[in-house]
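Colleague: Could you take me through this model feature by feature? Start with one loop residue, then work inward.

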Amino acid sequence: MQIADCHLIDLPKIAEARGNLTFIEGGRHVPFEIKRVYYLYDVPGGAERGGHAHKALHQLIVAMSGSFDIVLDDGRQKKRIHLNRSYYGLYVCPMIWREMDNFSSGAVCLVLASNLYEESDYFRDYSDFLKALGAS
Ligand code: T46
């Protein structure tokens with residue numbers, strides 16, 4: 001798994017004079033079955049989230065409102081991505097370290113995930129993450 005396996009997904013957008021509507025269908029717009037939805041909100045200015053990698057979890061990350069940055073890191077290279085549109089989802093595959101910062105006021109980060117919450121699925125220590133990459 002590497003950064004090249006993570007990509008932006010252009011979600012459908014129904015634009016009308018009365019406002020826009022975007023929808024996400026499991027198995028059609030995301031390359032995994034959606035088992036959990038969670039969201040980050042009321043993030044104070046200057047706060048950082050993330051700082052971990054998932055062993056097996058697939059995710060789609062959407063800036064539902066406002067904007068923020070995600071730095072993806074596969075142990076070899078890093079890439080900073082600015083998310084600021086609710087019709088783009090960033091697909092993040094397993095074994096990618098991510099850090100999130102630069103949250104705008106009122107930003108809401110929606111995450112669709114391929115599994116339920118399991119703390120054992122996390123690498124929260126960067127050197128453990130690098131060791132696991134080296135072992136694979
Ligand atoms: C990710 C980024 C974008 C739960 O109890 N259930 C859950 O489903 C989640 C996601 C978290 N938690 C608990 C675990 C911690 O005690 O909520 C607390 C904060 O979680 P964490 O420090 O992992 O939050 P973030 O914002 O750093 O990371 C979260 C997700 O964990 C992670 O999958 O990619 O959002």
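Colleague: Is Asn-102 buried, partly exposed or exposed?

Modeller: Buried means under 20% relative accessible area, exposed over 50%, partly exposed in between (1.4 Å probe, protein chains only). Asn-102 has a relative accessible area of 47%, so it is partly exposed. Asn-102 sits in the loop between strand 10 and strand 11. Its phi is near 60°, a positive value in a residue other than glycine.

Colleague: What should I know about the source before going on?

Modeller: This is a predicted model: local features need pLDDT of at least 70, side-chain atom pairs count only at pLDDT 80 or more, and totals for chains, interfaces and linings use all residues. Residues are numbered from 1 along each chain as its sequence is written, and side-chain values use heavy atoms, with hydrogens and water left out.

Colleague: What is the phi of Asp-42?

Modeller: Asp-42 has a positive phi of about 55°, although it is not a glycine. Asp-42 lies in the loop between strand 4 and strand 5. Its relative accessibility is 67%, so Asp-42 counts as exposed.

Colleague: How do I read the strands and their pairing?

Modeller: Strands of a sheet pair through backbone hydrogen bonds, either parallel or antiparallel. Here strands are DSSP runs (E, at least two residues), numbered from the N terminus. Two strands pair if DSSP finds at least two bridges between them. Five strands form an open sheet in the order 8-7-10-5-12, with antiparallel pairing. Strand 8 and strand 12 (122–123) are the edges, each pairing on one side only. Within that sheet, five bridges join strand 7 to strand 10. Leu-72 has Arg-98 in strand 10 as its bridge partner.

Colleague: Which strands does strand 6 join through bridges?

Modeller: Strand 6 runs antiparallel to strand 9, with four bridges, and antiparallel to strand 11, with six bridges. Ile-61 is bridged to Leu-90 in strand 9. Gln-59 stands opposite Ala-113 in strand 11. Five of the seven residues of strand 6 are buried, so the strand is largely enclosed by the rest of the structure. Ser-65 belongs to strand 6 too. At 33% relative accessibility, Ser-65 counts as partly exposed.

Colleague: How do I recognise a nonpolar core?

Modeller: In soluble globular proteins, nonpolar side chains tend to be buried together. A nonpolar core is a set of buried Ala, Val, Leu, Ile, Met, Phe, Trp, Tyr and Cys residues joined through side-chain atoms within 4.5 Å. The largest one here has 30 residues. Leu-60, Ile-61, Phe-68, Ile-70, Leu-72 and Leu-83 have the most contacts inside it. Strand 6 (59–65), strand 7 (68–73), strand 8 (78–83), strand 9 (88–92) and strand 11 (108–113) each give two or more residues to this core. A second, separate core has six residues, including Ala-53, Trp-97, Phe-123 and Leu-133.

Colleague: Which residues come nearest the ligand?

Modeller: A residue is near a molecule if one of its heavy atoms lies within 4 Å of it. Of the 14 residues around the ligand, Arg-36, Tyr-38, Arg-49, His-54 and Tyr-122 come nearest. Strand 5 gives the largest share of the shell, four residues.

Colleague: Which polar contacts does the ligand make?

Modeller: A polar contact with the ligand is a pair of N or O atoms within 3.5 Å. A polar side-chain atom of Tyr-38 lies 2.6 Å from a ligand oxygen atom. For an N or O atom in the side chain of Arg-49, the distance to a ligand oxygen atom is 2.7 Å.

Methods. Polar contact = N/O pair within 3.5 Å; in protein donor to acceptor, adjacent residues only side chain to side chain.
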